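Take a walk through this model with the structure open beside you. The route goes from backbone angles to pockets.

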Amino acid sequence: MTIRVIETTAFDDQKPGTSGLRKKVARFALPHYLENYVQSVFTVVGDCHGKTLVLGGDGRFYNDVAIQVILKMAAAAGFARVLVGQNGILSTPAASAVIREHKADGGIILSASHNPGGPKGDFGIKYNLSNGGPANETFTDAIFQVSKKITQYAIEDCPDLNIAQIGEQTLDKTVIEVIDPVADYAALLKSLFDFESIKTLFARPDFKMRYDALNAVTGPYAKRILEGMLGAPEGTVVNATPLADFGGRHPDPNPVYAADLIRALSTPALGLSFGAASDGDGDRNMVVGRNLFISPSDSLAVIVANARLIPAYEKGLAGVARSMPTSRAVDRVAEALGISCYETPTGWKFFGNLLDAGKATICGEESSGTGGNHVREKDGLWAVLCWLSILAKTGKHAETLVREHWARFGRNVYSRHDYEGIDREAGQTLMARLREIAPTLAGKCFTLPSSHTMVIDKADDFTYHDPVDGSVSEHQGIRVFLKDGSRIVFRLSGTGTVGATLRVYLERYTDNPAHYEEPVQTTLKPLIDLADQVAHIREITGRQAPDVIS
Ligand code: G16
């Protein structure tokens, strides 16, 4: 076998975002673009000889091409072994499980998560460390530095490998092991939950579930685990075949892109009592009760409040963590349980240290991510099995559990408004202006169109001090706290690929039961108006309304 060393020129846009490098497929398909990035990753990994790499992706368009390139480059870099998912498939949480189970040194996951796929869609690549979690900022910054100066990369000169059959083959001195993408992950989940108890739930005549895999990677996982191991009736999992373009859909499990599921749970004739969906790479989840979308922040709080009903957590939780923009519903639960609640910046990578250090057992994010210390990624199916366990043990329906939760803890009414693909400069101007005025906002009183007045308690630009390694992450979002306990957060997304996406997170706490059933946008109207007054959203972005409200 010959290793070819190819001369190349650096690209200046290979800075990893919230979750790895995400670009349009056309960008990744430029000559040397993918190779430059992969070589930069391997350079930061260091001497790859004797090391084991895990490789797989969500099966989106370009997954098959990239897998072959990376296998050949991994062999040229000298990896001793590469564990690759059959046909190049591994969901993000499954990749994390495989890295940990096989004590691999790291893993490459090909995915642009919830972003659309296909030739005109997005592609992405992320590197995970030996703990199974996304590379930290020190590592991703180093990749970017290398990528700006790269002049050559090495790749085996050989035909494509057959990765359709499970088993081992060698490429030069590297063992390429094609693995079952589901097996390790399914075994891990079985060790955490009481599968017998969940089976009784599926046998109940008053319980009927629909799981929408949105034509993405979780289909085979959900089929095998829910329908195969847990006895859910065939047909429970819909849109279960992963498609390269996700069937033209946006594989993001939220009320907008999974509207079919929300509608189905509001259609009595279908007899459904519980719904769930997952995203492109299987780390996000959405759960729905009858006529009730359960916000990710509430879902996290309910799981934490009932965690003792799940075998893996029956002795209690060491602590919990949420990303800063996530609602503070879980903080109330943590307080009642007498455990710590950590607030981190957006990005699952920030939970890694807390999980490794045993400070947090369960973590969650408003962006449909929830996960435990079994892997180092958020885990869609795990969250769904948490819910199924709780439903099985309590004998209650999901909407009842949520309403009982509000009755006990009050409700953190919550919504996120996204202004997608706005002009990049406009987004940066808006944030820079907010950063500048934040220190002057305390005590300011705003009169809203409804004549309602609101007084700002304080505002800041969130800085995170990692309690484990002491690292500091600045400029993680503008927080505006109101005197009445409400909060507005502004930040720019780190996962978009076109222009900039402004996210506005709105949260209002109430313990007045009269508000619990009010439409969320009605309860939040004063905050929505205030957000525009403070940030001049319409004026600066030219947009009259958000593109996505979740
Ligand atoms: C990624 C990260 C999450 C983050 C989300 C949203 O999710 O892993 O931790 O919350 O992006 O990020 P942003 O608001 O910057 O777009 P995923 O599912 O896209 O990998």
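A residue counts as buried when its relative accessible area is under 20%, and as exposed when that area is over 50%. Keep those cut-offs in mind for the two residues that come next. Remember too that this is a predicted model.

Start with the backbone. Most residues other than glycine have a negative phi. Lys 103 has a positive one, near 50°. Find Lys 103 in the loop that joins helix 4 (92-101) to strand 5 (106-110). Is Lys 103 buried or exposed? Its relative accessibility is 69%. The cut-off for exposed is over 50%, so Lys 103 counts as exposed.

Now move along the chain to Leu 214. Phi is near 50° here as well, again a positive value in a residue other than glycine. Leu 214 also sits in a loop, between strand 10 (209-212) and helix 8 (218-229). Its surroundings are another matter. Leu 214 has a relative accessible area of 0%. Buried requires a value under 20%, so Leu 214 is buried.

Turn next to the pockets. The largest has a volume of about 1200 Å³. Its lining consists of 38 residues. Which of them are the closest to its centre? They are Gly 17, Thr 18, Leu 492, Ser 493 and Gly 494. Several elements give two or more residues to this lining: strand 2 (21-24), helix 5 (137-147), helix 15 (424-437), strand 25 (487-492) and strand 26 (500-510). Helix 15 gives the most, with 5 residues. By class, the lining of the largest pocket holds 17 polar, 12 charged and 9 nonpolar residues.

The second largest pocket contains about 510 Å³ of space. It is lined by 35 residues. Look to its centre for His 114, His 250, Asp 252, Glu 420 and Arg 503, the closest of the lining residues. Two elements, strand 19 (411-422) and strand 26, give two or more residues to this lining. Which element gives the most? Strand 19 does, with 6 residues. The lining of the second largest pocket divides into 16 polar, 10 charged and 9 nonpolar residues.

One element links the two sites. Strand 26 gives two or more residues to the lining of the largest pocket, and strand 26 also gives two or more to the lining of the second largest. Trace strand 26 in the model to pass from one pocket description to the other.

Key:
Residues numbered from 1 in each chain as written. Predicted model: local features only at pLDDT ≥ 70, side-chain atom pairs only at ≥ 80, totals over all residues. Heavy atoms only, no water. Helix = DSSP H or I, 4+ residues; strand = E, 2+ residues; numbered from the N terminus. Buried < 20%, exposed > 50% of the residue type's maximum accessible area, 1.4 Å probe, protein only. 1 Å grid on protein atoms, 1.4 Å probe; cavity = no way out; pocket = protein on both sides within 12 Å on 5 of 7 lines; lining within 4 Å. Points joined across faces, edges and corners; volume = space filled by probe spheres on them. Nonpolar A, V, L, I, M, F, W, Y, C, P; charged D, E, K, R; others polar.
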